[in-house]
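Trainee: Please take me through this structure one question at a time, giving the cut-offs behind each term when we first meet it.

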Amino acid sequence: MTGTRPDKSKLYYPKMTPTWWLKRPNYILFMLREFSSVFIAVFLVVFLIQICQLTRGPEAYADFSQRLGSPGWITFHVVALLFALYHSITWFYSSAIVLPMRIGETEIPRNRVVALNLALLAVVSFVVLLLFISLQG
Amino acid sequence: MAEKKTIEPLWWALFSAGGVVAAFLVPIHIFIFGFAVPLGWLADTGAIYRHVWVKLYLFVLIALPLYHWAHRFYFTVNDMHLGVPRKPLALLCYGGAVVGTLVTAWVLLRI
């Protein structure tokens with residue numbers, strides 16, 4: 001066998017039920033992290049639909065915007081924002097593990113890398129907000 | 001067994017690029033688009049999205065996290081052992097992201 005992957009017929013496959021991930025809090029957190037990507041994608045699709053309203057004129061755009069103020073949509077965006085922030089934090093943690101940062105020979109502690117990334121997230125968010133307000137003109 | 005060449009590394013690259021974009025840029029956009037504008041804290045006529053640089057930014061912001069979703073969703077649904085067949089699922093996920101990219105480009109070119 002010269003391939004990098006083992007022969008599939010010789011692998012052991014444990015039997016797993018569709019609810020295996022409910023058995024431990026860590027597994028549930030893993031699933032929440034994975035499903036954060038669904039909420040992020042749904043948010044972006046709704047955002048694209050809003051942008052698409054511009055082809056139908058400024059009134060259609062404003063109408064769509066107003067509809068997003070309904071309790072249902074606000075609830076969706078609260079949930080989506082929580083998932084998005086959960087994605088950011090877990091992403092920073094895993095990138096601290098996958099791409100350790102070094103100064104010379106010494107590795108920067110992971111928690112500090114996460115803190116640096118969170119600070120960068122705050123700066124980037126602030127810049128986007130400022131640009132959004134100043135480009136409105 | 002000969003080593004098979006696949007385009008898998010491409011999906012992984014798009015996955016991580018999308019993960020970075022989502023981690024740094026999506027939260028503030030949910031705040032602006034989901035709360036600040038609908039609740040009247042900030043004004044938005046949509047004119048800003050016609051700016052060519054803003055369009056380029058939006059393309060990256062919308063398209064890349066779709067690949068992030070595709071990759072995660074594909075592996076997670078497999079890991080859940082729901083009995084969903086792999087090939088149609090892969091087509092739905094990665095195909096969906098490619099279609100999403102094309103639709104995003106089309107919308108941005110039309111506005």
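Trainee: Which residues in the largest nonpolar core touch the most other members?
Mentor: This is a predicted model, in which local features need pLDDT of at least 70 and side-chain atom pairs count only at pLDDT 80 or more, while totals for chains, interfaces and linings use all residues. Residues are numbered from 1 along each chain as its sequence is written, with chains lettered from A and ligands numbered from 1 in the order in which they are written. A nonpolar core is a set of buried Ala, Val, Leu, Ile, Met, Phe, Trp, Tyr and Cys residues joined through C-beta atoms within 7 Å, and a residue is buried if 20 or more other C-beta atoms, placed from the backbone, lie within 10 Å of its own, exposed if 12 or fewer do, and partly exposed in between. Of the 41 residues in this core, those that touch the most other members are A:Ile40, A:Ala84, B:Leu66 and B:Ala70.

Trainee: Which elements give two or more residues to this core?
Mentor: Elements are DSSP runs numbered from the N terminus, helices being H or I over at least four residues and strands E over at least two. Chain A gives α1 (25-52) and α3 (71-98), and these are joined by three elements of chain B, α1, α2 and α3.

Trainee: With which residues is A:Ala84 in contact, leaving aside its neighbours within four places in sequence?
Mentor: Two residues are in contact if their C-beta atoms, placed from the backbone, lie within 7 Å. On that basis A:Ala84 contacts residues of chain A, namely A:Ser36, A:Phe39 and A:Ile40, and also residues of chain B, namely B:Ala22, B:Val26, B:Pro27 and B:Ile30.

Trainee: Which element gives the most residues to the side of chain B that touches chain A?
Mentor: That side is made up of 44 residues of chain B, in contact with 45 residues of chain A. Two or more residues come from each of α1, α2 (52-79) and α3 (86-110) of chain B. The one that gives the most, with 15 residues, is α1(B).

Trainee: How many nonpolar residues does that side of chain B have?
Mentor: Ala, Val, Leu, Ile, Met, Phe, Trp, Tyr, Cys and Pro count as nonpolar, Asp, Glu, Lys and Arg as charged, and the others, Gly among them, as polar. Besides 10 polar and four charged residues, the nonpolar ones number 30.

Trainee: Where does α1(B) bend?
Mentor: The expected span of a helix is 1.5 Å times one less than its number of residues, and for the 29 residues of α1(B), residues 8-36, the 42 Å so expected agrees with the 39 Å between the end C-alpha atoms. A bend is the angle between axes fitted to the seven residues ending at a residue and the seven starting there. In α1(B) this angle is about 45 degrees, and a proline, B:Pro27, follows within four residues of the bend, which lies at B:Leu25.

Trainee: Which residue with a positive phi follows α2(B)?
Mentor: α2(B) has 28 residues and reaches 41 Å from its first C-alpha to its last, close to the expected 40 Å. The residue that follows lies in the loop between α2 and α3 of chain B, and it is not a glycine although its phi is about 55 degrees. It counts as partly exposed, with 14 C-beta neighbours inside 10 Å, and its name is B:His81.

Trainee: What is the radius of gyration of chain A?
Mentor: Chain A has four helices and two strands, running α-α-α-β-β-α from the N terminus on. The radius of gyration is taken over C-alpha atoms, and the globule rule is 2.2 Å times the number of residues to the power 0.38. For 137 residues that rule gives 14 Å, and chain A is more spread out than a compact globule because its radius is well over this, at 22 Å.

Trainee: What percentage of chain B counts as buried?
Mentor: Chain B has three helices and zero strands, and its C-alpha trace spans about 60 × 30 × 20 Å along the principal axes. Its radius of gyration is 17 Å, where a compact globule of 111 residues would have one near 13 Å. In chain A, 17% of the 137 residues count as buried; for the 111 residues of chain B the figure is 36%.
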